[in-house]
Amino acid sequence: MANDVKVYTVNGSTAGSSSSLPDWLIRKRAAKGKGKRAIREHVEGTIELIQGFEFPEASNRIKSTRDGHHVVATGTYKPQIRVWDLDQLSLKFERHTDAENVDFVLLSDDWTKSIHLQNDRTLELHTQGGHHYRTRIPRFGRSLAFHFPSCDAYVSASGNEIYRLNLDQGRFMNPLVLSSEDGEVAGVNVIDINPAHQLLAFGIEGNGTVQFWDPRSRSSVGTLRLPKTRLFQTGVDTASSGDLSVTAICSRHDGLSYAVGTSTGHTLLYDIRAARPFATKDQGYGLAVKNVSWIDGGSRMAGDGMVVSADKKVIKIWDRNTPSTNFASITPANDLNDLHHVPGSGLLMTANEGIQMATYYIPQLGPAPRWASFLENITEEMEDQTTRSVYEDFKFVERTELKTLGLDHLIGTPTLKPYMHGYFVSLKLYEAARLIANPFAYAEHREKMVRDKMDKMAETRIRTKKEVGVKVNKALAEKILREEEKAKKREERKKRRKAEAGESDMEVDAEGAEEKDRPSVLTDPRFAAVFESNEFAIDESSREFALLNPSAAAQQRTGARPKTAVEDEEDESEKSSSDGLGSDSEDDEGSDSDDAGELTKFDPRTRPGQKNVRVQEAYDRTRERNRMAGRTTNVNLVPMRAQADGSRGVDKNATFGQRRMSTGPKKQQSSSFAPDAHFTADGGMELSWMPSSGPQDADDMLVSGGGAPKKGKTKRPGVESFGAGMERGGDERSADISESDRKGRTQRRKGVRSGSKNVFRKMDG
């Protein structure tokens with residue numbers, strides 16, 4: 001886009017960008033066929049106006065037919081001619097030739113008749129059916145033109161002769177021999193025939209002149225000399241004046257104006273009636289002008305008499321009245337070989353050194369051709385593509401990153417384009433600066449990728465025990481190492497809890513430093529001989545080792561397999577997830593809990609052979625309380641004889657046998673037994689007796705009423721004595737004892753963890 005003139009790329013690579021797909025990638029995809037990715041790029045990235053508008057390697061020349069229905073182009077490799085049907089927007093056919101094409105002319109209004117100049121000094125005539133005739137010329141040809149009134153084909157070559165082939169008679173005519181006052185003519189680069197009066201113009205190589213010949217008299221009518229001094233002063237090339245050559249000529253339809261392109265990259269506009277140019281345009285690259293043409297008719301915003309000139313690098317469209325300013329400037333992605341403007345439209349077609357031929361549409365230059373009238377309706381969609389390529393070759397960099405790359409000294413120069421909170425910098429410059437700032441960036445990135453991949457693979461492996469690297473007492477070293485790892489984990493949990501509690505980081509760091517300074521048994525040089533010398537090897541089969549390590553000795557006897565590292569980790573996770581084992585038992589920072597809580601926290605399975613001291617202390621306290629309570633509390637015992645009280649004559653405190661005896665049938669007792677003899681329900685007999693050797697003592701009698709009591713001791717009312725110091729009744733405190741204290745515990749204890757972890761709920765009803 002130049003001066004608000006929008007240029008749309010409708011075929012080939014985007015103008016002004018070098019980020020298009022390389023030719024080798026296009027060739028590879030063409031060989032494999034279009035996949036999903038290629039189709040997606042076609043839809044989202046580019047607009048392909050004409051399908052298959054390309055050659056395998058490069059294109060040489062391109063022209064459209066006079067009827068406007070076809071486009072004919074030549075290219076390589078292999079040398080071939082291709083014709084596209086513009087009504088169908090697709091390739092019509094392709095035809096291969098023996099040599100590469102230099103120039104061609106369409107003899108008819110359509111594509112059916114054409115003459116081609118090849119680089120092997122041959123002229124080929126082609127018709128609709130194919131190759132028609134081939135002839136040769138004495139020298140290598142450079143340009144070709146056809147004079148329709150006389151049916152003469154003019155061929156310029158590397159000499160001073162212009163060969164004439166008359167297609168009506170089918171034979172060569174006498175050539176036109178050019179001469180110059182400056183010396184011998186080295187060659188003729190270009191031929192032009194004015195469409196108004198058929199005047200022939202020949203661009204001479206080396207001396208910077210243009211000779212005009214009349215085809216009727218076959219003689220020279222004038223010579224135009226280019227201002228060599230002026231061109232070399234303003235041009236880029238500093239070579240001698242003898243190197244100035246005419247490389248392009250185009251005459252206007254008015255018959256008076258000529259546009260001449262030179263090898264120094266200048267385009268001069270002449271009026272045939274004057275010897276001095278009225279306008280001069282410099283392409284700016286110092287390269288030879290490939291093509292120059294007048295744009296007449298169909299212009300919208302552009303004035304009448306626009307000129308388009310192109311060299312290998314750039315295409316410039318400018319007004320003949322103001323040559324210093326460009327109407328539009330296009331920089332193709334590939335080097336140009338030829339340029340063709342579709343008459344009466346704003347469409348430009350190019351033949352270049354790339355696979356795809358480019359086509360550009362400029363709405364301000366002219367309307368879309370009849371066969372592509374839909375272009376005017378999709379210009380808004382194509383505008384997104386053009387604006388997206390403005391900063392396609394630039395990288396956005398923030399100010400901090402710019403300083404890191406060492407490019408901050410370029411701030412304020414045209415190299416950096418300010419945008420928002422950073423700058424746009426050329427992509428090539430950014431890559432070079434990044435490589436200089438950090439030459440090992442790729443190596444570091446690759447190393448990081450390899451390390452991440454190896455770590456990910458290591459997570460899936462079966463982990464084994466860490467090798468301690470000692471010669472003797474490996475089991476002892478592994479045990480010490482496990483204890484150190486456990487101590488390290490405890491310290492980490494301590495630090496984490498202190499950090500959560502809000503303690504200062506200085507105290508935590510001081511404790512960590514102390515832990516790091518604490519020596520390890522494995523690394524302490526004082527104990528190095530324990531793990532290196534065989535004299536300190538532990539005999540695990542000895543009796544002393546079995547007494548100090550009973551569990552290890554038992555494993556050796558039973559042949560139990562030691563746990564692997566994975567099983568040890570699983571055991572550790574089970575311990576940490578079990579009830580009450582989330583915190584360290586060695587830490588005394590927590591507050592003392594009740595007895596029930598300590599009971600639930602202890603799990604004998606985790607520490608076999610170890611006693612729970614707190615549980616034992618709680619049990620001893622409970623036992624002491626029960627013993628003291630037994631001394632002060634009067635025990636109610638069940639009498640050996642059932643007492644008959646109540647309406648039914650059954651004592652509630654009597655045993656089952658006493659109740660059965662009292663309610664069952666009474667047997668006839670023998671009178672021979674003592675009056676104190678009683679028969680039991682199971683046929684037994686109870687007999688109370690006392691010795692008669694001395695006075696009876698009430699305390700020594702087994703049953704009440706066995707003898708007279710001692711003097712001074714009276715029977716208390718409501719107290720029944722059973723002997724041996726046992727009494728019943730008379731203690732008023734028994735009324736205050738609860739039912740559970742008299743009969744004992746009838747329900748399970750509460751607050752104790754159930755083995756099955758089931759919860760029983762009381763069901764109503």
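**Close-up views of a predicted model**

**View 1. Strands S19 and S20 pair in the antiparallel sense.** Serine 257 stands opposite aspartate 271 in S20. The model shown here and in every view below is predicted. Strand S19 covers residues 257-262, and strand S20 covers residues 266-271. Their pairing runs over 5 bridges. Strands of a sheet pair through backbone hydrogen bonds, either parallel or antiparallel.

**View 2. S19 and S20 belong to an open sheet of 4 strands.** The order is S18-S19-S20-S21, and the pairing is antiparallel. Strand S18 (246-251) and strand S21 (279-282) are the edge strands. Each of these two pairs on one side only. On average, neighbouring strands of this sheet are turned by 20° against each other, direction ignored. In a regular strand, side chains alternate between the two faces of the sheet.

**View 3. Strands S16 and S17 form a hairpin.** Strand S16 spans residues 209-214, and strand S17 spans residues 219-225. The two pair in the antiparallel sense over 6 bridges. Aspartate 214 stands opposite serine 219 in S17. Between the strands lie 4 residues. In this hairpin, arginine 218 takes a positive phi near 50°.

**View 4. The largest cavity has a volume of about 80 Å³.** The structure holds 3 cavities of 30 Å³ or more. Which strands each supply at least two residues of the lining of the largest cavity? They are S4 (80-85), S5 (90-96), S7 (114-118) and S8 (122-127).

**View 5. Residues lining the largest cavity.** The lining consists of Val72, Ile81, Val83, Phe93, Arg95, Trp111, Thr112, Ser114, His116, His126 and Thr127. By class, the lining divides into 5 nonpolar, 5 polar and 1 charged. Among the nonpolar residues are Val72, Ile81 and Phe93. The charged residue is Arg95. The polar residues include Ser114, His116 and Thr127.

**View 6. The whole protein, for orientation, has 16 helices and 35 strands.** Of its 765 residues, 33% count as buried. How many of the contacts between residues at least 6 apart in sequence join residues at least 24 apart? The share is 47%.

Key. Residues are numbered from 1 along each chain as its sequence is written. This is a predicted model: local features need pLDDT of at least 70, side-chain atom pairs count only at pLDDT 80 or more; totals for chains, interfaces and linings use all residues. Side-chain values use heavy atoms; hydrogens and water are left out. On a 1 Å grid over the protein atoms alone, a cavity is a set of points where a 1.4 Å probe fits but cannot get out, and a pocket is an open set with protein on both sides within 12 Å along at least five of seven lines; lining residues have an atom within 4 Å of a point. Grid points are joined across faces, edges and corners, and a volume is the space filled by probe spheres set on the points. Two strands pair if DSSP finds at least two bridges between them. Axes are lines fitted to C-alpha atoms, for helices over the stretch in contact, and angles run from 0 to 180 degrees between N-to-C directions. Buried means under 20% relative accessible area, exposed over 50%, partly exposed in between (1.4 Å probe, protein chains only). Contact means heavy atoms within 4.5 Å.
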